[in-house]
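Take a walk through this fold, one element at a time. Keep the coordinates open as you read.

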Amino acid sequence: MSTATYARFEVLRTFRNARFFIFSLVFPLTMYLLIAAPNRDEHDLAGTGISAPLYYMVGLIGFGTMVAVIAGGARIAAERSVGWNRQLRLTPLSARSYLRAKVMTGYLMAAVSIVLLYGAGIALGVRLSAGRWIEMTALILVALIPFAGMGIAIGHLVTVESMGPALGGISSLFAFLGGVWYPITGSGFFVSLAHVLPSYWLVQAGHVGLGGEAWSAEGWTVIAIWSVAMAFAAAWAYRRDTRRV
């Protein structure tokens, strides 16, 4: 089985999972429409000079894409519970192709979330230059790398019964500490903690659309370190699960 064949199978199976589709894709979009639509004529939200549709679009893109990528772990846990992973290891599909397909599927779901929220934002009056759209999207996709590895690692370590609370808790914690729901400013321990988390820089990637600057060297360093760490964690969790079969 080739990577392309397995990836295509993964995508079809994911879109047929109604619960995943609703909570990973529809929920962020619904939240955005419920919050931003009534405030579509607010062009100076809380004195920031930023329109409400743009501000909320940026915040929910960070949350929606993170959830879409991490949620791949739930599919892995479900596969393990029914022995599908064991069957895959009897096929010519290599471990590298398996992990690559999981990452590709997670990114596709994140891309769908981005397109949905961008479309909703444009419908509510969000207007950005082409350069801003491209830069924001590129940084978001880079910032999702550690979360892709995190989802794979969790999926191979946690049982399907515990996956819901685990993914919900992890996503909520990273979103809270990363500043998805409110801006993180000032100084102190909490701010320093936020700066070493990938979710903070995921949110900052979205803030390019608010007129902010691209990542500093600190942001690239944090994302690089987390990406390498989560890649090793995903590989270790996969090998550990293989040895237990």
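Gly125 sits just after helix 6 and takes a positive phi of about 105 degrees. The model is a predicted one. Helix 6 covers residues 95-123. It has 29 residues. From first C-alpha to last, helix 6 reaches 42 Å, close to the 42 Å expected at 1.5 Å a residue.

Stay in helix 6 and look at Ser113. Is Ser113 buried or exposed? Its relative accessible area is 1%, so Ser113 is buried, the cut-off for that class being under 20%. Which residues does Ser113 touch, once those up to four places away in sequence are set aside? They are Leu25, Gly64 and Thr65.

Now step back to the whole chain. The secondary structure comes to 12 helices and 0 strands. Read along the sequence, the pattern is α-α-α-α-α-α-α-α-α-α-α-α. The protein has 245 residues, and 46% of them count as buried. Contacts across the sequence deserve a look too. Take those between residues at least 6 apart in sequence: 77% of them join residues at least 24 apart.

Helix 3 comes next. It runs over residues 52-70. Helix 3 has 19 residues and reaches 27 Å from its first C-alpha to its last. That is close to the 27 Å expected at 1.5 Å a residue. Helix 3 is mostly covered, with 17 of its 19 residues buried. An α-helix has 3.6 residues a turn, so residues three or four places apart point the same way.

Ser51 lies in the loop between helix 2 (18-36) and helix 3. With a relative accessible area of 18%, Ser51 is buried. The class is set at under 20%, so 18% still falls within it. Leaving aside neighbours within four places in sequence, Ser51 is in contact with Glu42 and His43.

Turn to the aromatic rings. How many aromatic pairs does a search of the whole structure find? It finds 7. One of them joins Tyr55 and Tyr56. Their ring centres are 5.7 Å apart, with 85 degrees between the planes, and the pair is edge-to-face. Tyr55 is partly exposed, at a relative accessible area of 25%. Tyr56 counts as partly exposed as well, at 24% relative accessibility.

Phe174 and Trp226 form another pair. Their ring centres are 5.9 Å apart and their planes stand at 85 degrees, so this pair is edge-to-face. Where do the two partners lie? Phe174 is in helix 9 (residues 160-178) and Trp226 is in helix 12, so the pair ties together parts that are 52 residues apart in sequence. Phe174 is buried, with a relative accessible area of 12%. Trp226 is partly exposed, at 22%. Phe147 joins these two rings: Phe147, Phe174 and Trp226 form one aromatic cluster.

Next, the empty space. Rolling a probe the size of a water molecule over the atoms shows where empty space is left. How much space lies in the second largest pocket? The volume is about 300 Å³. This pocket is lined by 15 residues, and the closest to its centre are Leu99, Val103, Ile152, Ala231 and Ala234. Which elements give two or more residues to the lining? They are helix 6 (95-123), helix 8 (145-157) and helix 12 (217-244). By class, the lining of the second largest pocket divides into 11 nonpolar, 2 polar and 2 charged residues.

Two helices remain on this route. Ala138 is found in helix 7 (residues 130-143). At 38% relative accessibility, Ala138 counts as partly exposed. That value lies between the limits of 20% and 50%, so the residue takes the middle class. Ala138 and Gly206 are 68 residues apart in sequence, yet 9.8 Å apart in space, C-alpha to C-alpha.

Gly206 leads to helix 11, which spans residues 198-206. Helix 11 is mostly covered: 8 of its 9 residues are buried. Which residues of helix 11 are buried? They are Pro198, Ser199, Tyr200, Trp201, Leu202, Val203, Ala205 and Gly206.

Conventions:
Residues numbered from 1 in each chain as written. Predicted model: local features only at pLDDT ≥ 70, side-chain atom pairs only at ≥ 80, totals over all residues. Heavy atoms only, no water. Helix = DSSP H or I, 4+ residues; strand = E, 2+ residues; numbered from the N terminus. Buried < 20%, exposed > 50% of the residue type's maximum accessible area, 1.4 Å probe, protein only. Contact = heavy atoms within 4.5 Å. 1 Å grid on protein atoms, 1.4 Å probe; cavity = no way out; pocket = protein on both sides within 12 Å on 5 of 7 lines; lining within 4 Å. Points joined across faces, edges and corners; volume = space filled by probe spheres on them. Nonpolar A, V, L, I, M, F, W, Y, C, P; charged D, E, K, R; others polar. Phe/Tyr/Trp six-rings, centres within 6.5 Å; stacked < 30°, edge-to-face > 60°. Expected span 1.5 Å × (residues − 1).
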